[in-house]
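Q: I'd like a close look at one part of this protein: the salt bridges. Could you walk me through them, and then say a bit about what else is on show?

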Amino acid sequence: MVEMLWPTSLLCGMGADKDVALVTDGRFSGATRGAAVGHISPEAACGGPIAAIQDGDIIAIDVAKQKLSVELSASEIGDRLKHLPPFEPKVKSGYLKRYLDKVTSASKGAVLLD
C-alpha cells in the first residue's frame, strides 16, 4: 500500500522511529522503515478490536513472541466498540465498491466471493 509509505517516512524523518511504532490494519510494502505492525485483522472497518484504540492507549509489542496487546480490559474494548458509529464507506460505485462488497477480510484470505 503506497499510502503507508508516507506515515512511516514521516516518523523516520522526525526521528521518532526509535520511540514510536505504527500499528495499523493497512498493508506495507518492502520499503517501510521503522517499527510498523500491519495486517491487524479483522480490520477496524469490520468492527475489529483495532477500531477501539484511542489516542493515549498503551500498546505493548513483543517482537520475539510475535505478540501485540493493548492495556485495556475486554469489557472496555467491547464498550468502545458498541459506541462507535457504523462504518460508512466513501466509495459508492465502481470497482472499489465491488471490492468492498465482495472481498473478504485479510484474516479470511482476502478472497473474492461470488
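A: Here is a tour of the salt bridges, followed by a surface patch and a pocket. Keep in mind that this is a predicted model.

The count comes to 5 salt bridges. A good place to start is helix α2, which covers residues 74–82. Here the side chains of Glu76 and Arg80 meet in a salt bridge, with N to O at 2.9 Å. Why can these two line up? They sit 4 residues apart in helix α2, so about one helical turn separates them. The two partners differ in how much they show. Glu76 is partly exposed because its relative accessible area is 30%, which lies between the 20% and 50% cut-offs. Arg80 has a relative accessibility of 13%, so it counts as buried, the limit for that being under 20%. This pair doesn't stand alone, either: Asp57, Glu76 and Arg80 are linked in a network of salt bridges.

Next, move along to helix α3, residues 94–102. Lys97 forms a salt bridge with Asp101, and their closest N and O atoms are 3.1 Å apart. The spacing is again 4 residues within one helix, so Lys97 and Asp101 are about one helical turn from each other. As for exposure, Lys97 comes in at 27% relative accessibility and counts as partly exposed. Asp101 is partly exposed too, at 47%.

Then there's the pair Glu88 and Lys92, whose side chains meet in a salt bridge at 2.5 Å, N to O. Both of these residues are exposed.

Away from the charged pairs, have a look at the nonpolar side of the surface. Ile59, Ile61, Val63 and Leu68 form a nonpolar patch there, with about 320 Å² of accessible area together. One of its members, Ile59, belongs to strand β3, residues 59–62. Ile59 has a relative accessible area of 32%, so it is partly exposed and also gets past the over 30% cut-off for joining a patch.

Last stop, the largest pocket. About 830 Å³ of space lies in it. The lining is made up of 22 residues, and those closest to the pocket's centre are Glu43, Ala45, Cys46, Tyr99 and Leu100. Sorted by character, the lining has 12 nonpolar, 3 polar and 7 charged residues.

How values were computed:
Residues numbered from 1 in each chain as written. Predicted model: local features only at pLDDT ≥ 70, side-chain atom pairs only at ≥ 80, totals over all residues. Heavy atoms only, no water. 1 Å grid on protein atoms, 1.4 Å probe; cavity = no way out; pocket = protein on both sides within 12 Å on 5 of 7 lines; lining within 4 Å. Points joined across faces, edges and corners; volume = space filled by probe spheres on them. Nonpolar A, V, L, I, M, F, W, Y, C, P; charged D, E, K, R; others polar. Patch = residues over 30% accessible without salt bridge, like charges linked within 9 Å, V, L, I, M, F, W, Y side chains within 5 Å. Areas by Shrake-Rupley, 256 points an atom, 1.4 Å probe, with all protein chains shown as cover. Salt bridge = Lys/Arg side-chain N within 4 Å of Asp/Glu carboxyl O. Helix = DSSP H or I, 4+ residues; strand = E, 2+ residues; numbered from the N terminus. Buried < 20%, exposed > 50% of the residue type's maximum accessible area, 1.4 Å probe, protein only.
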